[in-house]
Amino acid sequence: MKNRLRSRCALFGLLCLAPSLAHAAEASPINSGDTAWMLVSTALVLFMMIPGLSLFYAGLVRAKNTLSLFMQCYALTAVMSLVWLACGYSLSFSGDSGIIGNLNLAFLNGVGPDAAPRTDAPTIPVLVHFAYQMMFFLITPGLFIGAFAERMKFSAILLFSVLWSLIVYVPCCYGVWHRLNFFGLTNVIDLAGGIVVHITAGIAALVACIMIGPRRGFPTSPMIPHNLPYAVIGAGMLWVGWFGFNGGSQLAANGNAAMTLVVTHISASAASVVWMSIEWIRNKRPSVLGIATGSIAGLAAITPASGKVGPIGALCIGSISAMVCWMACAKLKPKFKYDDSLDVFGVHGVGGIIGTILVAVCGSKQFPGGLGDYEIAPQLQTQVMAAIYTAILSAVVSVILLKAIDAVIGLRVSDQLEREGLDLSEHGEKAYNEEN
């Protein structure tokens with residue numbers, strides 16, 4: 001009898017609490033599904049940097065410089081994360097005027113697990129938004145190190161990356177993704193970083209490789225990648241990670257994220273096939289490096305457009321990016337004789353520009369499968385101007401910073417140290433033992 005009475009009292013208590021519990025659940029805007037997807041996406045973008053980009057770049061250089069690329073990617077991951085905590089996030093995602101934000105969120109001041117979510121990411125915690133955007137901040141300088149691989153001082157790389165990111169990346173991120181006013185341009189379309197990541201890094205890569213100068217022996221001496229399996233494995237990791245890079249940029253687990261993932265994959269596939277076909281026709285055989293490079297071109301190009309285009313648009317962007325990026329790498333670089341060691345400008349810079357411009361066409365509802373409710377002509381003008389502004393900002397800042405750093409600590413290792421290889425000269429280690 002007592003047990004029955006206790007059960008009834010407990011049931012009555014639960015019934016009394018039910019309305020308040022339901023109200024509490026309704027009051028919380030955080031969605032567990034969205035949060036889980038964004039946590040996974042954050043991990044996927046970090047996976048792109050270490051180990052994805054590390055392996056891709058390390059496999060493309062000569063054996064004596066293998067560890068230097070691993071070290072640069074690893075160090076940038078750690079250093080840029082601390083810069084993001086100290087001031088990068090606050091300058092990029094706080095305030096509502098000017099070209100950069102304020103320091104209200106420096107060191108995540110006032111941001112705890114229960115902080116109210118951002119209005120542009122209303123269903124995920126602010127901490128998740130901070131962590132996800134941090135991965136973009138650290139991988140952007142990771143891209144341009146491939147342009148001057150095998151010859152730049154490690155200390156100069158770190159200094160340039162930090163200063164460049166604060167002066168170039170931060171205002172681009174703030175204007176395009178936070179304030180939605182990029183140097184007077186509104187309604188700029190860039191879902192996941194065609195402007196903020198790929199154009200900025202691609203232009204910086206071009207400027208840096210020209211100012212630092214070519215590697216010893218370029219272009220007459222062969223500089224064959226020492227480990228193509230590394231490079232292909234790294235490229236595959238980048239492809240997988242790009243689902244978080246683009247899909248996560250929808251900041252929710254919904255149909256838009258699903259479409260973004262689909263078009264990302266289609267663009268990469270189309271670019272891979274087109275690049276492979278070009279080589280097959282011209283060289284009578286398709287190369288493994290070619291198909292891997294093609295996939296990265298397609299991924300870079302679809303990045304800004306992945307929130308607006310449908311499958312047909314992705315097919316077009318991927319195909320066009322492969323053709324134009326191949327021309328940049330195989331024709332433009334030899335013609336002008338700049339030593340972009342790992343084709344950062346040719347793939348990421350050119351690919352980002354293509355996607356930034358073509359989203360105005362392929363993303364409009366006037367185009368088959370387009371999702372954007374805008375007219376092609378005015379949006380095209382906006383996208384072209386945004387690409388030009390970004391290129392000018394990155395180029396001018398890169399020139400100034402590189403000249404200043406060269407005057408203070410020097411940009412390039414000596415000829416002797418370059419012959420020896422950066423693994424030994426900069427880090428005192430070797431990737432492979434002599435017996436190997």
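How much accessible surface does the protein chain have, and what percentage of it belongs to carbon and sulfur atoms? In this predicted model, the accessible surface amounts to about 18,400 Å², and carbon and sulfur atoms contribute 67% of that area. Of the 436 residues in the protein chain, 53% are buried. The charged side chains comprise 25 positive and 22 negative groups, with the centres of the two sets 4 Å apart.

The secondary structure of the protein chain consists of 14 helices and two strands. The chain has a radius of gyration of 24 Å, close to the 22 Å that the globule rule gives for 436 residues, and it is therefore as compact as a globular protein of that length. Along the principal axes, the C-alpha trace spans about 95 × 50 × 45 Å. When contacts between residues at least 6 apart in sequence are considered, 77% join residues at least 24 apart.

Met-38, in helix α2, illustrates such contacts between separate parts of the sequence. The relative accessibility of Met-38 is 0%, so this residue counts as buried. Leaving aside neighbours within four places in sequence, the residues in contact with Met-38 are Ile-124, Val-128, Tyr-132, Gly-248, Leu-251 and Ala-252. Met-38 and Ile-124 are 86 residues apart along the chain, and their C-alpha atoms are separated by 7.9 Å. Helix α2, which covers residues 32–60, also contains Pro-51. The peptide bond that joins Ile-50 to Pro-51 is cis, with omega at about 20°.

Ser-90 lies in helix α3, which covers residues 66–93. With a relative accessible area of 1%, under the 20% limit, Ser-90 is classed as buried. A polar atom of the Ser-90 side chain lies 3.2 Å from the backbone nitrogen of Asn-104. Asn-104 also appears among the contacts of Ser-90 beyond four places in sequence, together with Gly-101, Asn-102, Leu-103, Leu-105 and Ala-106.

A histidine pair was examined next. His-198 is placed in helix α6, residues 194–212, and is buried, with a relative accessible area of 1%. The side chains of His-198 and His-348 are joined by a polar contact of 3.3 Å. Apart from residues up to four places away in sequence, His-198 touches His-348, Gly-349 and Gly-352, as well as Leu-143, Gly-193, Trp-242, Phe-245, Ala-300 and Thr-303.

Helix α11 covers residues 344–362 and includes Ile-357. The relative accessibility of Ile-357 is 26%; because values between 20% and 50% are classed as partly exposed, this residue falls in that class. Outside a range of four places in sequence, Ile-357 touches Leu-380, Gln-383 and Val-384. Arg-215 is 142 residues from Ile-357 in sequence, and the C-alpha atoms of these two residues are 33 Å apart in space.

Several backbone features were also examined. Most residues other than glycine have a negative phi, and most peptide bonds are trans. Besides the cis bond between Ile-50 and Pro-51, a cis peptide bond joins Phe-218 and Pro-219, where omega is about 5°. Pro-219 is located in the loop between α6 and α7, the latter helix covering residues 228–247.

Positive phi values occur at Glu-150, where phi is near 80°, and at Leu-180, where phi is near 65°. Glu-150 belongs to the loop between α4 (126–144) and α5 (154–178), whereas Leu-180 belongs to the loop between α5 and β1 (181–182). Glu-150 has a relative accessible area of 2% and is therefore buried. Leu-180, at 54% relative accessibility, counts as exposed because this value is over 50%.

Definitions and conventions: Residues are numbered from 1 along each chain as its sequence is written. This is a predicted model: local features need pLDDT of at least 70, side-chain atom pairs count only at pLDDT 80 or more; totals for chains, interfaces and linings use all residues. Side-chain values use heavy atoms; hydrogens and water are left out. Helices (H or I, at least four residues) and strands (E, at least two) are DSSP runs, numbered from the N terminus. Buried means under 20% relative accessible area, exposed over 50%, partly exposed in between (1.4 Å probe, protein chains only). A polar contact is a pair of N or O atoms within 3.5 Å; within protein, one must be able to donate a hydrogen and the other to accept it, and residues adjacent in sequence count only if both atoms are side-chain atoms. Contact means heavy atoms within 4.5 Å. The radius of gyration is taken over C-alpha atoms; the globule rule is 2.2 Å times the number of residues to the power 0.38. Accessible areas come from the Shrake-Rupley method with a 1.4 Å probe; for residues, only the protein chains shown count as cover. Lys and Arg count as positive and Asp and Glu as negative; His and the chain ends are not counted. The place of a charge is taken as NZ of Lys, CZ of Arg, CG of Asp or CD of Glu.
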